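Colleague: I have the model open and would like to go through it with you. Could you take me through the sheet, the aromatic residues and the cysteines?

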Amino acid sequence: DKASGSGFQSKNEYLFGKIDMQLKLVPGNSAGTVTAYYLSSKGSTWDEIDFEFLGNLSGDPYILHTNVFSQGKGNREQQFYLWFDPTADFHTYSILWNPQRIVFSVDGTPIREFKNQESNGVPFPKNQPMRIYSSLWNADDWATRGGLIKTDWSRAPFTASYRNFNANNACVSSNGASSCSSSTSNAWLSEELDLTRQERLRWVQKNYMIYNYCTDAKRFPQGLPTECKS
């Protein structure tokens with residue numbers, strides 16, 4: 001409501017994982033609200049992997065905003081429309097995070113892949129354990145059309161629903177030790193996109209991506225970020 005946001009976080013910290021959450025977003029006129037589901041570490045050089053759902057005026061599509069921070073640096077936004085109404089039912093939003101890549105998926109369809117490019121000097125989140133956070137908050141200073149559309153508080157309270165959190169395929173990190181030992185068989189720790197999923201990824205990016213920092217030459221007059229060039 002107008003007085004507060006709301007949120008929750010995981011009890012455990014994780015260092016790599018395949019994590020699912022089902023969400024049903026704020027229905028109707030949700031302009032100004034942001035429903036978030038993300039992983040983040042602490043500190044001034046934090047790592048973060050973001051799903052953020054930017055509210056809309058009734059009848060307009062939600063915008064799914066993704067970002068990856070490493071060593072406190074983000075500015076890696078990609079935005080998408082969804083191919084369904086995310087307020088009508090629950091859908092599964094997944095993060096695969098292993099030492100080689102981060103893959104964002106929706107109902108099993110990959111929408112974004114961020115590869116480890118440390119060999120090109122790009123920091124990659126791999127040393128800092130992260131908790132899972134979820135929140136619903138007012139961001140009408142930027143979220144809907146760059147802040148042009150304000151939250152209609154007559155429709156409060158706004159409600160988003162979460163269920164079926166699953167981190168069974170994730171490495172719990174505690175006091176520097178990981179629940180995943182080298183002897184554990186965790187196929188997801190080396191998982192990559194097969195040809196079918198690469199095709200699905202291209203389908204989403206061709207038909208539903210509405211912003212990609214890697215094509216925004218105006219924003220990076222000195223040249224696009226290194227990871228965009230591979």
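Modeller: We can take the sheet, then the aromatic residues, then the cysteines, and please keep in mind that this is a predicted model.

Colleague: Fine, so what order do the strands of the open sheet come in?

Modeller: The open sheet has 7 strands, in the order S1-S10-S3-S4-S5-S6-S13, and their pairing is antiparallel. The edge strands are S1 (6–9) and S13 (209–212), each of which pairs on one side only, and the twist from one strand to the next averages 15°.

Colleague: How many bridges join S1 to S10?

Modeller: There are 4 bridges between S1 and strand S10 (residues 131–138), and the two run antiparallel; to give you one pair to look for, Ser6 has Leu136 in S10 as its bridge partner.

Colleague: Switching to aromatics, how many pairs are there in the whole structure?

Modeller: The search of the whole structure gives 16 aromatic pairs. Among them is Phe51 with Tyr93, where the ring centres are 5.9 Å apart and the planes stand at 70°, so this pair is edge-to-face.

Colleague: And which parts does that pair tie together?

Modeller: Phe51 belongs to strand S4 (residues 48–54) and Tyr93 to strand S7 (residues 91–97), so the contact ties together parts that are 42 residues apart in sequence. Phe51 counts as buried at 0% relative accessibility, and Tyr93 is likewise buried, with a relative accessible area of 0%. One aromatic cluster is formed by Tyr37, Phe51, Phe53, Tyr93 and Phe104.

Colleague: What about Trp153, is that buried or partly exposed?

Modeller: Trp153 counts as partly exposed, because its relative accessibility is 23% and the cut-off for buried is under 20%, whereas Phe158 has 13% and counts as buried. Trp153 and Phe158 form an edge-to-face pair, 5.9 Å from centre to centre with 70° between the planes.

Colleague: Which ring does the charged end of Arg200 sit over?

Modeller: The charged end of Arg200 sits over the ring of Trp203, at 4.7 Å from the ring centre.

Colleague: Now the cysteines: how many disulfides does the structure hold?

Modeller: The structure holds 2 disulfides. One joins Cys171 to Cys180, with an S to S distance of 2.1 Å, and a disulfide also joins Cys214 to Cys228, with S to S at 1.9 Å.

Colleague: What handedness does the Cys171 and Cys180 link have?

Modeller: The torsion about the S-S bond of Cys171 and Cys180 is about -100°, so that disulfide is left-handed; the link of Cys214 and Cys228, with -75° about its S-S bond, is left-handed too.

Colleague: And are those cysteines buried or exposed?

Modeller: Cys171 and Cys180 are both buried, and Cys214 and Cys228 are both buried as well. If you number the bonded cysteines of the protein chain in sequence order, the pairing reads 1-2, 3-4.

Notes: Residues numbered from 1 in each chain as written. Predicted model: local features only at pLDDT ≥ 70, side-chain atom pairs only at ≥ 80, totals over all residues. Heavy atoms only, no water. Pairing = 2+ DSSP bridges. Axes fitted to C-alpha atoms, helices over the stretch in contact; angles between N-to-C directions. Phe/Tyr/Trp six-rings, centres within 6.5 Å; stacked < 30°, edge-to-face > 60°. Buried < 20%, exposed > 50% of the residue type's maximum accessible area, 1.4 Å probe, protein only. Lys NZ or Arg CZ within 6 Å of the ring centre and 35° of its normal. Disulfide = S-S within 2.5 Å.
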